[in-house]
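Me: I have a structure open and would like to learn how to read it. Where should I begin?

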Amino acid sequence: MSGEKRMDISDDLIREALQQEVDCIEVPGKDRAWKNITSSLEKKRSSVKRRQFKWSQAAAVAAACLIVVLGGIGIFRNLETGLSLADTDMVSETADEFGVLEVENEVVQPEVFDDSLRHTEDSEFPIGKADLSPPDWPSVLPGDYRLGEALLLTGAGEPAYSGAVYFNGGVSLLLVEKEINEKDLLGFTEHLGGHMQVALHDIERANGFIRFSVNERTGLAWQKGGRNQALLVLSGQVAKQELKNIAASID
Amino acid sequence: MEPEEIRQLVRKNDNDSHRALFEAYYKRTYAVAYNILRRRENAEDITQDAFVKAFQNLHQLQDGAKFGAWLAVIASNLARNYLKREKKIILTEELPEISTDSVSNDTEALALRGLEIERVRKAIRDLPPEQYQAVVLQYYHDLKVEEIAEMLNIRVGTVKSRLFRARQKLAAVLELDSDSACHTSKGGDL
């Protein structure tokens, strides 16, 4: 008997064996399980609304906002070039010529930035506060990232957009979103903190995403379901593809 | 349950549809959790958690017909995480054996088939959780390798590798048992 034939038989046997594993198993009381499930769902629904802000996480939130701000600049400048989201052209910035974007052979000056509004050490970073009426954030993102905190993030002291911090071990992610308004994605990024300028790296557009990195932290921004959304890695390392998978899973 | 019916239930996403999905998938989801955890109470808890998470995030499921596979992924991930967290050595509970009565009066071929299935079942229970997870998704839920990779957020190559190793183990057990079965049944040189 050849090894190949044995593997064919195994395919068939595996299916049958798995089916028997399900058929033969004794399951505990369904009614009790269903009662527990409905009870848990009800509790979770109400607890999300009552979620309280934890000041112990304020530092993490502040850091998160900073990353958002830095990342937002990247998106903002990227959009200033006038390319569509679906455009797959690479955009890069020279390290020396800060604030000048190169798009293929075109050089675009970000004239909207005002030097007087550049970030200084005295500038206040936007900070988040507890979102008492958060949107229905998914409790778990692909990769088993658990919802840690629902936030209302602010830009220039004004409520700007909803955010949620997710954790999985040492890795944390910030998911932010805002409904598309008349300002579109541009307005979204403006509110994220378009007044500060920082050096950007690895800005790339592809398949509807804008990917960027700031200080070696990666982020993605996209539009979906009438909303602008962004996902940023706050701590730890997350592969680009994993970020895309998470982004794709978010409605 | 037909795929279109499942899609409709997922789309509906209300209490009644949740109940219908629960009725249809509870047993198989429990089986997945139990095969990883080997503890009835833990498997019951994990199964319930899996349903809660699934219902909370049902709107994220793009193809409702894949609800069963998606739920299996959630349950198996929860079970795997539980094992990692607890870092416990799992002592296997006795699993119900396949009754041989039904095959005793059948043909020899059927009886042998039954024995082979029993060996595969035992071997499946011994698979590492991540390999078991891939096997369930491919052979029970009939997902393609690419779909498994997408659901588990891992690379296609990793899925292939897990499946290959799992199949190797299952095939090896069969070969081993069939060799030993030959020795015992023939009784050797007497």
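**Reading strands, cores and confidence**

Reply: Begin with one strand, and keep in mind that this is a predicted model. Strand S8 (residues 171–179) of chain A is mostly covered, with 7 of its 9 residues buried.

Me: Which strand is joined to S8(A), and in what direction do the two run?

Reply: In a regular strand, side chains point alternately to one face of the sheet and the other. In this case the partner of S8(A) is strand S12 (residues 227–235) of chain A; the two run antiparallel and are joined by 8 bridges. To find one such bridge, go to A:Leu174, whose partner in S12(A) is A:Leu232.

Me: What does chain A contain as a whole?

Reply: Chain A has 5 helices and 12 strands. Of its 251 residues, 35% are buried. Among contacts in chain A with a separation of 6 or more, 62% are between residues 24 or more positions apart.

Me: How many residues does each chain give to the contact between chains A and B?

Reply: Chain A gives 35 residues and chain B gives 40 residues. On the side of chain A that touches chain B, the elements giving two or more residues are helix H1 (3–24), helix H2 (30–49) and helix H5 (240–249) of chain A. H1(A) supplies the largest share, 13 residues. By type, this side of chain A divides into 17 nonpolar, 8 polar and 10 charged residues.

Me: Which residues touch the most other members of the largest nonpolar core?

Reply: A core is a set of buried nonpolar residues joined to one another. The largest one here has 59 residues, and those touching the most other members include B:Ala33, B:Ile46, B:Leu71 and B:Val135. Leaving aside neighbours within four places in sequence, B:Val135 is in contact with A:Ile14 of chain A, and with B:Ile124, B:Leu127, B:Leu163 and B:Ala166 of chain B. A second, separate core has 25 residues, among them A:Ala164, A:Val165, A:Leu173 and A:Ala230.

Me: Where in chain A is confidence lowest, and where is it highest?

Reply: Where pLDDT is low, the predicted coordinates should not be read in detail. Chain A has a mean pLDDT of 63, and 44% of its residues reach 70 or more. Confidence is lowest in strand S2 (residues 101–103) of chain A, at a mean of 29, and highest in strand S5 (residues 140–141) of chain A, at 91. The pLDDT is below 50 over residues 1–7 of chain A, a stretch with 6 contacts in the model beyond near neighbours in sequence. Over residues 78–127 of chain A the pLDDT is also below 50, and that stretch has 77 such contacts.

Key: Residues are numbered from 1 along each chain as its sequence is written. Chains are lettered from A and ligands numbered from 1 in the order in which they are written. This is a predicted model: local features need pLDDT of at least 70, side-chain atom pairs count only at pLDDT 80 or more; totals for chains, interfaces and linings use all residues. Two residues are in contact if their C-beta atoms, placed from the backbone, lie within 7 Å. Helices (H or I, at least four residues) and strands (E, at least two) are DSSP runs, numbered from the N terminus. Ala, Val, Leu, Ile, Met, Phe, Trp, Tyr, Cys and Pro count as nonpolar, Asp, Glu, Lys and Arg as charged, and the others, Gly among them, as polar. A residue is buried if 20 or more other C-beta atoms lie within 10 Å of its own, exposed if 12 or fewer, and partly exposed in between; C-beta atoms are placed from the backbone. Two strands pair if DSSP finds at least two bridges between them. A nonpolar core is a set of buried Ala, Val, Leu, Ile, Met, Phe, Trp, Tyr and Cys residues joined through C-beta atoms within 7 Å. pLDDT is the predictor's confidence in each residue, from 0 to 100.
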